[in-house]
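Let's take a walk through this model, one piece at a time. Have the structure open and follow along.

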Amino acid sequence: MTVRQRTLDLREIKISLDVFFHQLEVTHLCHQFVEQRGIKCDKEILLIAASTHDLGKADPLTDPQILYKPGKYTEEEFGHMKVHSQLGAVLVTGRYPEAVAKVVRQHHENADGSGYPLGLTNDEIKLEARIINICDYYIANTSDRSYRKARTHIDTINLMKINKNEFDLRLLQEFFNMFDAEMEKVV
Ligand SMILES: [Fe+2]
Ligand SMILES: [Fe+2]
């Protein structure tokens with residue numbers, strides 16, 4: 001095996017692991033959220049979709065140079081990264097119930113229509129995708145990224161408040177309530 005081939009293999013393993021652990025964290029938070037707040041949804045679909053939602057980032061069609069770019073994306077690069085939700089939907093199709101692919105495809109749709117790939121709004125977005133959207137945002141912001149350090153819990157919550165229209169407001173309120181309930185338990 002050449003050094004170059006080995007480097008490529010190691011890079012692929014790193015991408016797969018990064019995506020795997022991110023998905024695991026999002027799945028764990030989704031589970032905690034719906035259990036603690038009694039959110040009625042299809043839990044099987046939610047958890048399978050949460051644990052596969054970013055598979056498209058590990059697909060060979062996603063350019064690792066863009067995935068790990070240290071700075072801000074250009075419009076073209078962002079366009080390239082946006083495809084991951086559709087790639088992921090293709091990857092899970094046929095392996096899991098049909099609704100999983102739909103939720104994976106919709107996990108970056110925002111309630112105010114500012115998301116992708118279709119710019120769907122509110123109830124046009126499946127409930128499980130709206131839940132993942134919130135938990136994914138929280139985990140992504142509280143984790144280190146190639147272009148910035150992890151934000152604190154408080155900074156992330158404040159950012160979610162500023163951008164609240166992107167989310168299902170009823171769910172967002174419940175999400176905040178979850179942390180308040182956790183705080184009360186400690187005191
Ligand atoms: Fe994603
Ligand atoms: Fe994600």
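Keep in mind that this is a predicted model. Begin off to one side, with Tyr68, which sits in the loop between α3 (64-67) and α4 (75-82). Tyr68 has 14 other C-beta atoms within 10 Å, so it comes out as partly exposed. For a sense of distance, look across to Asn165: the two residues are 97 apart along the chain, and their C-alpha atoms are separated by 28 Å.

Now turn to helix α7, which will come up again and again. α7 covers residues 127-141, 15 residues in all, and spans 22 Å from its first C-alpha to its last, close to the 21 Å expected at 1.5 Å a residue. Is α7 enclosed by the rest of the structure, or open? Largely enclosed, because eleven of its 15 residues are buried. The buried stretch takes in Glu128, Ala129, Arg130, Ile131, Ile132, Asn133, Ile134, Cys135, Asp136, Tyr137 and Tyr138.

What packs against it? Two helices to look at are α1 and α2. Two packed helices are described by the angle between their axes and the distance between the axes. Start with α1, residues 3-37: its axis comes within 9 Å of that of α7, and the two cross at roughly 125 degrees. An angle like that makes α1 oblique to α7, and the crossing is right-handed. On the α1 side, the contact uses His22, Glu25, Val26, Leu29, Cys30, Phe33 and Val34, while α7 brings Ile131, Ile132, Cys135, Asp136, Tyr138 and Ile139. Sorted by class, that gives ten nonpolar residues, one polar and two charged.

The second helix, α2, covers residues 43-50. Its axis lies 9 Å from that of α7, and the pair packs at an angle of about 45 degrees. α2 and α7 are therefore oblique to each other, and their crossing is right-handed. Here Ile45, Leu46, Ala49 and Ala50 of α2 meet Glu128, Ile131 and Ile132 of α7. The contact of α2 with α7 has six nonpolar residues, no polar ones and one charged.

α1 and α2 also pack against each other. Their axes come within 8 Å and cross at roughly 155 degrees, so this pair counts as roughly antiparallel. From α1 come Gln23, Val26, Thr27, Cys30, His31 and Val34, and they meet Lys43, Leu46, Leu47 and Ala50 in α2. By class, that contact has six nonpolar, three polar and one charged residues. If you follow individual side chains, Val26 of α1 turns up in the contact with α7 and again in the contact with α2. Leu46 of α2 also appears twice, against α7 and against α1.

Next up is α6 (98-105). Its buried residues are Val100, Ala101, Val103, Val104 and Arg105, and they pack against α2, α5 (84-92) and α7.

The loop between α6 and α7 deserves a slower look. His108 is in this loop, and it counts as buried because it has 23 C-beta neighbours inside 10 Å. Setting aside its neighbours within four places in sequence, His108 is in contact with Ser85, Gly115 and Tyr116. Leu120 is twelve residues from His108 in sequence, and the two are 9.7 Å apart, C-alpha to C-alpha.

Ala111 belongs to this loop too, and its 22 C-beta neighbours inside 10 Å mean that it counts as buried. Which residue 55 places along the chain has its C-alpha 5.0 Å from that of Ala111? That's Glu166. Beyond its neighbours within four places in sequence, Ala111 is in contact with Thr121, Asn122, Ile125, Asn165, Glu166, Phe167 and Asp168. Asn165, our far marker from Tyr68, is thus one of the contacts of Ala111.

The loop also has two backbone features to check. Most residues other than glycine have a negative phi, and most peptide bonds are trans. A cis peptide bond, with omega about 10 degrees, joins Tyr116 and Pro117, and Pro117 lies in the loop between α6 and α7. Asn122, also in this loop, has a positive phi, near 30 degrees. Is Asn122 buried or partly exposed? Partly exposed, because it has 13 C-beta neighbours inside 10 Å.

Terms used. Residues numbered from 1 in each chain as written. Chains lettered and ligands numbered in written order. Predicted model: local features only at pLDDT ≥ 70, side-chain atom pairs only at ≥ 80, totals over all residues. Helix = DSSP H or I, 4+ residues; strand = E, 2+ residues; numbered from the N terminus. Expected span 1.5 Å × (residues − 1). Buried ≥ 20, exposed ≤ 12 C-beta atoms within 10 Å, placed from the backbone. Axes fitted to C-alpha atoms, helices over the stretch in contact; angles between N-to-C directions. Parallel < 35°, antiparallel > 145°, perpendicular 65-115°, else oblique. Left-handed = near helix turned anticlockwise from the far one by under 90°. Contact = placed C-beta atoms within 7 Å. Nonpolar A, V, L, I, M, F, W, Y, C, P; charged D, E, K, R; others polar.
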